[in-house]
Amino acid sequence: MAATSASPVSNTDFDEIIKIMWGNEVKEDVFQRWKQGFRFSSDEPTALIQNEGGPCAVIAPVQAYILKSLINDTSKKALNWHELESELVSKLLIRALCEILSQAYAGNKFILVQLKESEVLAQGAMSNLTRDQDFHPENQPSSDHLYFHSQLRTLSFESSEEVEAYYLERIDMLRETFGVLLFLYSVLCTKGVEALHCEVTDPTEPFVDGEYGYGSQCLINLMITGRAVAHVWNYDQDICGLKLKGINQQSKVGFLTLLEHLRYCEVGSFLKNPISPVWVLGSETHLTVLFSFEKRLVSAETPSEVARRIFKSFDPEGNNFIAADLLQDVMTMLDLVSEPEYVDIMRKKLDSENLGIILLSSFMEEFFPEETVTIPDTFTVYHYNGLMRSCPNNKVLYQEGNAVLLETHMSSVMESNGMLTCLQTKWPSIELQWLSGYTPSLN
């Protein structure tokens, strides 16, 4: 493992990344909310603790990737995943961080951001430091954020394996006061200013809210998928001539949000149906995580799911129909027979009243009749909330629940039960019973 000594991030780019993160001003009270390391609960070895509101935009996605590794590594489940040794837990954390960094990787180098003094102690020399300001504690600025930003240094690596080895040797750096921020800056620097500007819809809107310290959807998406886009639908959508960017492929871990029930957004299948049965859950102000060891809850897209998604891509208004003259384009994208003569026959069949539209239901019934549903009717789920004050007895523990999918297409919406309402955006007929008798909080 060798960190390069050349500076991979210019001071100008670093200043721009700080602006992307905080806006034009870093507020001290907001910065204080983000001052924490990656620490695990004494009551649940693999559950991260969140001290204050705000950094859940990083902590919850990292937790989701820890759980993804845990679920996919059956040997750890056999070891009793509630009682893993700290060394194994540290490796799970580092694996999660490396996976998030790899998704953000823009093809140049992996950039890790550190504090200068810790790097001096670790390396015993200045040669690997990429900014040349000397560290003198007596010259420390009066505010924490000024001190922190004056001491940031970067190291570059060629591969995620080198990053993993580096983190393994310096695990304490991740656990200490600025661990979460240092990792977040590493993700932003690895992504790069150019790529961030390309994906972010509004560069003037910072990743961290200046009043409450909450992470933006751009930041959440960056941590979950590697794309710093503002929307959670599939692909890019053209809304009144404005191109709005979304998620471009099936995510490794998912995302569900209460805001979809409130009709503030639409979560696409790439996030609703991730590769692993782990979902970051969003309330209006906080992020938590739901997960299950039942792998049948997720799968690669079925042909009918692909068809539904592609049809909807021609229906940006969500009307569940398209203009009849778009039928050939849809059929072409789905590799269906798309010769003009055949398309004309199908257009007349699907639009028998000559209204000039094709209904989604008619299209699916014709080309993709119902597929056998393989999702189990009952399964066990677990919920994580990193805020101690939001957990029973102030203990950060995974809350276990039994889920049932009822044989109905109607959902019983309970505004007072945010958890159920959020999960019904994916499973409309789901009902839950929590072993503790207490419904976990999304806040």
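Does Glu 99 count as buried or exposed, and at what relative accessibility? In this predicted model, Glu 99 counts as buried, because its relative accessibility is 12% and the cut-off for buried is under 20%. The protein chain around this residue has 443 residues, of which 51% count as buried, and it holds 19 helices and 12 strands. The points below go from the chain as a whole to its nonpolar cores, then to one pair of strands, and finally to the salt bridges.

**The chain as a whole**

- The accessible surface of the protein chain comes to about 20600 Å², and carbon and sulfur atoms account for 49% of that area.
- Among the contacts in the protein chain with a separation of 6 or more, 66% are between residues that lie 24 or more positions apart.

**Nonpolar cores**

- In soluble globular proteins, nonpolar side chains tend to be buried together.
- The largest nonpolar core has 95 residues, and those that touch the most other members are Trp 22, Trp 34, Val 62, Tyr 167, Phe 183 and Phe 207.
- Helix 3, which spans residues 56-72, gives this core its largest share, namely 12 residues.
- Another core, of 20 residues, lies apart from that one, and its members include Phe 379, Leu 405, Leu 423 and Leu 442.
- When neighbours within four places in sequence are left aside, Trp 34 is in contact with a set of residues including Met 21, Trp 22, Pro 55, Val 58, Val 180, Leu 184, Val 208 and Leu 219.

**Strands 11 and 12**

- Strand 11, made of residues 399-405, pairs with strand 12 in the antiparallel sense, and the pairing runs over five bridges.
- One of the residues with a bridge partner is Val 404, whose partner in strand 12 is Glu 431.
- The side chains of strand 12 (residues 430-434) alternate, so that Ile 430, Leu 432 and Trp 434 point to one face and are buried, whereas Glu 431 and Gln 433 point to the other face and are not buried.

**Salt bridges**

- The count of salt bridges comes to 14, and three of these pairs are described here in turn.
- Lys 35 forms a salt bridge with Asp 144, and the closest N and O atoms of the pair are 2.5 Å apart.
- This pair links distant parts of the chain, since Lys 35 sits in the loop between helix 2 (28-33) and helix 3 while Asp 144 belongs to helix 7 (residues 144-150), 109 residues apart.
- Lys 35 is partly exposed, with a relative accessible area of 23%.
- Lys 68 and Glu 99, the residue of the opening question, meet through their side chains in a salt bridge with an N to O distance of 2.9 Å.
- Because Lys 68 lies in helix 3 and Glu 99 in helix 5 (residues 86-104), the pair ties together parts that are 31 residues apart in sequence.
- Lys 68 is buried as well, with a relative accessible area of 12%.
- Glu 158 and Lys 109 also meet in a salt bridge between their side chains, at 2.4 Å from N to O.
- Glu 158 lies in the loop between strand 2 (152-157) and helix 8 (160-169), and Lys 109 lies in the loop between helix 5 and strand 1 (110-115), so that the pair links distant parts of the chain, 49 residues apart.
- Both residues are partly exposed, Glu 158 with a relative accessible area of 44% and Lys 109 with one of 23%.
- Salt bridges that share partners join Lys 68, Glu 99 and Lys 252 into one network.

Note on methods
Residues are numbered from 1 along each chain as its sequence is written. This is a predicted model: local features need pLDDT of at least 70, side-chain atom pairs count only at pLDDT 80 or more; totals for chains, interfaces and linings use all residues. Side-chain values use heavy atoms; hydrogens and water are left out. Helices (H or I, at least four residues) and strands (E, at least two) are DSSP runs, numbered from the N terminus. Buried means under 20% relative accessible area, exposed over 50%, partly exposed in between (1.4 Å probe, protein chains only). Contact means heavy atoms within 4.5 Å. Accessible areas come from the Shrake-Rupley method with a 1.4 Å probe; for residues, only the protein chains shown count as cover. Two strands pair if DSSP finds at least two bridges between them. A nonpolar core is a set of buried Ala, Val, Leu, Ile, Met, Phe, Trp, Tyr and Cys residues joined through side-chain atoms within 4.5 Å. A salt bridge is a side-chain nitrogen of Lys or Arg within 4 Å of a carboxyl oxygen of Asp or Glu.
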